[in-house]
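Trainee: I would like to go through this structure and ask why each label is used. Please show it first.

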Amino acid sequence: MANKYWLFKSEPSCFSMDDLKAMPKSTDHWDGVRNYQARNLLRDDIKKGDEVFFYHSNAKPMGIAGICTVVKSGYPDHTAQDPNSDHPDPKHTDDKPLWYMVDVKFKKKFKDIIALKDLKEISGLNNMVLTQRGSRLSVQPVTSDEWKIIIALTK
DNA sequence: GCCAACGTTGGC
DNA sequence: GCCAACGTTGGC
């Protein structure tokens with residue numbers, strides 16, 4: 001099965017690409033997702049070996065900062081059980097996990113952030129989830145064509 | 001800081 | 001099951 005491509009959003013003031021790089025082994029779990037559509041992707045579709053664009057939202061500049069790699073497929077997001085975490089949810093239990101996360105490892109930071117503004121001007125990316133008006137999904141699929149177009153921008 | 005778009009909640 | 005109200009996301 002070929003690897004797939006994804007895009008994860010984060011507000012860098014909360015967790016940035018540099019923060020991921022600074023973690024032990026440059027690896028961390030992508031916790032705190034509390035949206036069902038994103039949860040389904042984390043639980044069912046995002047697998048070890050997949051590659052992920054790390055997107056900085058609500059930031060200057062706003063755009064794709066680099067690439068990380070999935071090193072562990074979906075498993076229950078135990079931070080939901082920690083009342084002191086940012087996103088506790090009493091409906092999440094050991095028996096019936098509700099929320100999921102994956103582990104990602106820093107791979108590469110782009111020399112320059114690829115700005116959302118620029119992505120929106122590329123015709124091949126017109127149908128990308130990220131460039132859709134009102135798109136809020138924080139974990140989203142990227143097609144291999146979209147991935148190639150964006151990678152080519154960094155060369 | 002504003003506000004449009006979206007997802008979720010809860011009354012009925 | 002509908003939908004208004006509400007809270008959040010995230011670009012601008």
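Trainee: Why is Lys91 called exposed or buried, whichever it is?

Mentor: Lys91 has a relative accessible area of 57%. Exposed means over 50%, buried under 20%, and partly exposed in between, with a 1.4 Å probe and protein chains only. Lys91 is therefore exposed. Before we go on, this is a predicted model, where local features need pLDDT of at least 70, side-chain atom pairs count only at pLDDT 80 or more, and totals for chains, interfaces and linings use all residues. Residues are numbered from 1 along each chain as its sequence is written, chains are lettered from A and ligands numbered from 1 in the order in which they are written, and side-chain values use heavy atoms, with hydrogens and water left out.

Trainee: What makes the pair Lys91 and Asp89 a salt bridge?

Mentor: A salt bridge is a side-chain nitrogen of Lys or Arg within 4 Å of a carboxyl oxygen of Asp or Glu. For Lys91 and Asp89 the N to O distance is 3.6 Å, so the pair meets the rule. Asp89 has 9% relative accessibility and therefore counts as buried.

Trainee: How many salt bridges does the rule give?

Mentor: The count comes to 6. Among them is Arg43 with Asp44, at 2.8 Å from N to O. Another joins Asp118 and Lys117, at 3.6 Å.

Trainee: Why is Arg43 put in its accessibility class?

Mentor: Arg43 has 32% relative accessibility, so it counts as partly exposed. Asp44, at 36%, is also partly exposed. In the other pair, Asp118 is partly exposed at 36%, while Lys117 is exposed at 57%.

Trainee: Which residues are called near DNA strand C, and what makes them so?

Mentor: A residue is near a strand if one of its heavy atoms lies within 4 Å of it. Lys9, Tyr55, Ser57, Asn58, Met62, Leu116, Lys120 and Arg136 surround DNA strand C. Of the atoms of DNA strand C within 4 Å of the protein, 64% belong to sugar or phosphate, and the rest to bases.

Trainee: What makes the approach of Tyr55 to DNA strand C a polar contact?

Mentor: A polar contact is a pair of N or O atoms within 3.5 Å; within protein, one must be able to donate a hydrogen and the other to accept it, and residues adjacent in sequence count only if both atoms are side-chain atoms. A polar side-chain atom of Tyr55 is 2.8 Å from a phosphate oxygen of DNA strand C, so the distance fits the rule. Polar backbone atoms also reach phosphate oxygens of this strand: that of Asn58 at 3.1 Å and that of Arg136 at 2.7 Å.

Trainee: Which part of DNA strand B does the side chain of Arg136 approach?

Mentor: A polar side-chain atom of Arg136 lies 2.4 Å from a base oxygen of DNA strand B. The residues around DNA strand B are Asn35, Tyr36, Arg133, Gly134 and Arg136.

Trainee: What is the phi of Lys25, and where does this residue sit?

Mentor: Phi of Lys25 is near 60°, a positive value in a residue other than glycine. Most residues other than glycine have a negative phi. Lys25 lies in the loop between helix H1 (17-22) and strand E2 (27-29); helices (H or I, at least four residues) and strands (E, at least two) are DSSP runs, numbered from the N terminus. Ser26 is in the loop between H1 and E2 as well, and its phi is near 50°, again positive.

Trainee: Why is Ser26 called buried or exposed, whichever applies?

Mentor: Ser26 has 17% relative accessibility and so counts as buried. Lys25, with a relative accessible area of 72%, is therefore exposed.

Trainee: What kind of peptide bond joins Lys60 and Pro61?

Mentor: That bond is cis, with omega about -10°. Most peptide bonds are trans. Pro61 is in the loop between strand E3 (51-56) and strand E4 (63-76).
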